[in-house]
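I pulled this one up to get my bearings before anything else. Here are my notes, in the order I looked things up.

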Amino acid sequence: MMAESTDKLKRIAAQHIQEVAKALSGDLRLRILETLGERPKSISQLVEELGVAQPTVSINVQTLEQAGLVTSFQGSGREKICERTLDALLLELPMRPGEGLHEVEELSMPVGLYTDCSIQPPCGLYGLEGMVGCPDDPRTFHMPERVQANIVWFSGAGYVEYTFANPLPQGIPLQQLSLSAELCSEAEGYRQEWPSDITLSLNGKWIGTWTCPGDFGDRKGKLSSNIPLGSSQYGLLAEWSVSDEGSKVNGSKSSDTTISDLNLHYSLPIKVRLEVRKDAVNCRGLNLFGSGYGDYPQDVKLRFVRRAES
């Protein structure tokens, strides 16, 4: 992440200032850096000196590690030892619009935060603490409690639509827009061979259709510890992408829709619809997994890749 370093002086490029600034914005994180000023210390030593609970210290140390301000290693007693990586920062402030942005900006949307839907039973929402609302009742999908959902499922035709903000400032051109999500088909119980055609649309433009081969329940999902066996456990990670050359699904050409066709504007929302269409050859619903279930710890993820300057 750091562009240059000399001893304990590190140069922070403009696009990385925000995460470093966020890491430094917490009083406890500054105290951790202060405590590590003279020598490396273990997590238990930090807990004792700071008078803060161990989980709180560990979380804040992790934030400092992600920003490159602290590094850690395993000590002789298998305890985590933390060390400060620097004593001074040199910040390169952005000089032109967009220079302070990452080359890739990512937005993650919890699966229960859809803004529109069309659902038919069997259907349901499942949260980290169990069922949300009543199973097989489409009205549940319009209740406020839907935001707790970590799995969304419906059978047959239907859709869920999400509204994303455009994180890029005005005038910053996009090279690629991509969406990824963990999905599978929807059968009663589960069926390994049960294909469903799942379509993505962005701002009403067809991006492509991916045929998921089945509804997977032959084993526990890596994150699905409290889902009983005999039902959907995990999905596959599917990715749709759009560029000037057209659209792709999992790297294969899917449509001629390009970035310019999406009519993106920095102040307007982006409509993301995951749908099984009524006229689909394999009209067998879907399961959409959030970050707490399935095999992948992610929600619906939208990635914005800026165009590199020539």
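I started with the count: the protein chain has 4 helices and 21 strands. Both are DSSP runs numbered from the N terminus, helices being H or I over at least four residues and strands E over at least two. I should say early that this is a predicted model, where local features need pLDDT of at least 70, side-chain atom pairs count only at pLDDT 80 or more, and totals for chains, interfaces and linings use all residues. Residues are numbered from 1 along each chain as its sequence is written, and side-chain values use heavy atoms, with hydrogens and water left out.

Next I checked the overall extent. The C-alpha trace spans about 65 × 50 × 35 Å along its principal axes. Of the 310 residues in the chain, 46% are buried, meaning under 20% relative accessible area with a 1.4 Å probe, protein chains only (exposed is over 50%, partly exposed in between). Among contacts with a separation of 6 or more, 69% are between residues 24 or more positions apart; a contact means heavy atoms within 4.5 Å.

Then I picked out one sheet. It is open, with 3 strands in the order 3-5-4 and antiparallel pairing. Strand 3 (41–42) and strand 4 are the edges, each pairing on one side only. Two strands pair if DSSP finds at least two bridges between them, and I found 5 bridges joining strand 4 to strand 5 (residues 80–84). One I looked up by name: Ser 72 has Cys 82 in strand 5 as its bridge partner.

Just before strand 4 (70–74) comes a loop from helix 4 (54–66), and Ala 67 sits in that loop. Is Ala 67 buried or exposed? Ala 67 counts as buried because its relative accessibility is 2%. I also checked Ala 67 against Asp 218: they are 151 residues apart along the chain, and their C-alpha atoms are separated by 40 Å.

Another loop caught my eye, the one between strand 15 (205–212) and strand 16 (236–243), where Ser 224 lies. Ser 224 has 0% relative accessibility, so it counts as buried. What does Ser 224 touch, leaving aside neighbours within four places in sequence? I got Gln 233, Tyr 293 and Gly 294.
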